[in-house]
Amino acid sequence: MIAPGRMGTPPGAAGAGYFGAPAPAKRNDPRPALSPQLEMVFETRRGGDHSIPPPCSTPLVVRDKGSAGPHHMRSTLNLVPQTPALFRKLKLPFGLVINPMAAPGLRDDPIPTVDLGPGGPVRCAECKAYVNAYFRFVADGGRMVCNFCGAEQPVPPGYACPLDMEGRRRDAADRPELCCGSVDMVATAEYMVRPPAPPTHLFLIEAGAGAAACGATAA
Ligand SMILES: [Zn+2]
C-alpha cells in the first residue's frame with residue numbers, strides 16, 4: 001500500500017472532476033436523486049500522481065489506480081512540510097492510520113488476489129518488501145530495484161518480463177501487484193508455523209441492552 005502525503009497540490013485539485021465523480025445527468029425518475037456528496041468516486045491516482053482523499057467522513061467509492069485507498073491507509077496530513085525545520089515549527093501531529101484488513105465497500109474495486117505459485121510472493125532480498133507497483137525494473141527486465149531500500153537485485157526466475165519503450169514491464173497492466181495499490185498475496189507454506197487448524201471454540205457474548213444494564217459487559 002502506498003501512502004499519500006507530500007507537499008504540493010494534487011493533479012486537478014480544486015477543479016471539477018478531481019474525484020472523478022460523474023456529473024449528474026438529467027433524469028425523469030420522480031424519486032429524489034442521490035446527492036453527489038453521499039457517494040464520491042475516488043481514484044487513488046490521477047495524472048500520474050497520488051490523489052489526496054477527502055475527509056474521512058465522506059462516503060467513497062474507491063477506484064484503485066495504483067495507490068491504496070484511504071480505507072486501508074490514511075495520513076493525518078494531506079500536505080507535509082518539506083523540511084524538518086518547517087515541520088517542527090508547525091507542531092502538527094503526523095501519523096498514518098493503517099487498516100490492511102478493511103473490507104472494501106460494495107462498489108469499491110475488489111481487492112485482487114495474487115498467487116505467484118510455489119515460489120511465493122516476490123520480495124526484496126534486502127528488506128523483504130513485497131513486490132509492488134513502485135518497484136522499478138531495469139536491465140531489460142532482468143533486475144529490479146526496491147522502492148523501500150533501493151537495493152537492486154536479479155528478478156527471480158520465472159518472474160522476469162521485457163520492458164517497453166518507457167521502461168515499464170510489458171505485463172504490468174496484467175499483474176495486479178504491479179498496477180494496484182492493494183492486493184492480497186497468497187502465502188506459501190513457509191509463511192506458516194503449522195497448517196491452519198479448524199476452529200474449535202466459539203465464544204458468544206451477549207451485549208444487548210439487558211446485559212449492559214446489569215453490568216455483564218462492564219469488564
Ligand atoms: Zn528493499
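**Salt bridges, surface and fold of the predicted model**

Arg46 is partly exposed, with a relative accessible area of 24%. The structure described here is a predicted model. The side chain of Arg46 pairs with that of Glu43 in a salt bridge, in which N and O lie 2.7 Å apart. In general, side chains that carry opposite charges can pair when their charged atoms come close. The structure contains 6 salt bridges, one of which is the Arg46–Glu43 pair.

A further salt bridge links the side chains of Asp171 and Arg175, with an N to O distance of 2.8 Å. Asp171 has a relative accessible area of 15% and is therefore classed as buried, the limit being under 20%. Arg175 also takes part in a salt bridge with Glu177, where the closest N and O atoms are 3.3 Å apart. The relative accessible area of Glu177 is 2%, so this residue is buried as well. Arg175 itself, at 21%, is partly exposed. Through shared partners, the salt bridges connect Arg169, Asp171, Arg175 and Glu177 into one network.

The chain comprises 3 helices and 11 strands. Along the sequence these elements follow the order β-β-β-β-β-α-β-β-β-β-β-α-β-α. The chain has 219 residues, of which 31% count as buried. Its exposed surface amounts to about 14,600 Å², and 60% of that area is supplied by carbon and sulfur atoms. When contacts between residues at least 6 apart in sequence are considered, 47% of them join residues at least 24 apart.

One pairing across the sequence involves Arg107, which is located in the loop between E6 and strand E7 (113–114). The C-alpha atoms of Arg107 and Val61 are 5.9 Å apart in space, while the two residues are 46 positions apart in sequence. With neighbours within four places in sequence left aside, the contacts of Arg107 are Glu39, Val61 and Arg63. Arg107 is partly exposed, because its relative accessibility of 49% does not reach the range over 50% that defines exposed residues.

A nonpolar patch on the surface is formed by Leu86, Leu90 and Leu92, which together have about 240 Å² of accessible area. Leu92 lies in the loop that runs between helix H1 (84–90) and strand E6 (96–98). The relative accessible area of Leu92 is 40%, so the residue is partly exposed; this value also meets the patch criterion of over 30%.

For residues 121–159, UniProt gives the feature "domain: Zinc finger Sec23/Sec24-type", in an unreviewed entry. In the model, this segment is 0% helix and 23% strand. The C-alpha atoms at the two ends of residues 121–159 are 10 Å apart.

Conventions:
Residues numbered from 1 in each chain as written. Predicted model: local features only at pLDDT ≥ 70, side-chain atom pairs only at ≥ 80, totals over all residues. Heavy atoms only, no water. Patch = residues over 30% accessible without salt bridge, like charges linked within 9 Å, V, L, I, M, F, W, Y side chains within 5 Å. Areas by Shrake-Rupley, 256 points an atom, 1.4 Å probe, with all protein chains shown as cover. Salt bridge = Lys/Arg side-chain N within 4 Å of Asp/Glu carboxyl O. Helix = DSSP H or I, 4+ residues; strand = E, 2+ residues; numbered from the N terminus. Buried < 20%, exposed > 50% of the residue type's maximum accessible area, 1.4 Å probe, protein only. UniProt positions renumbered as here; feature names shortened; annotations may be inferred. Contact = heavy atoms within 4.5 Å.
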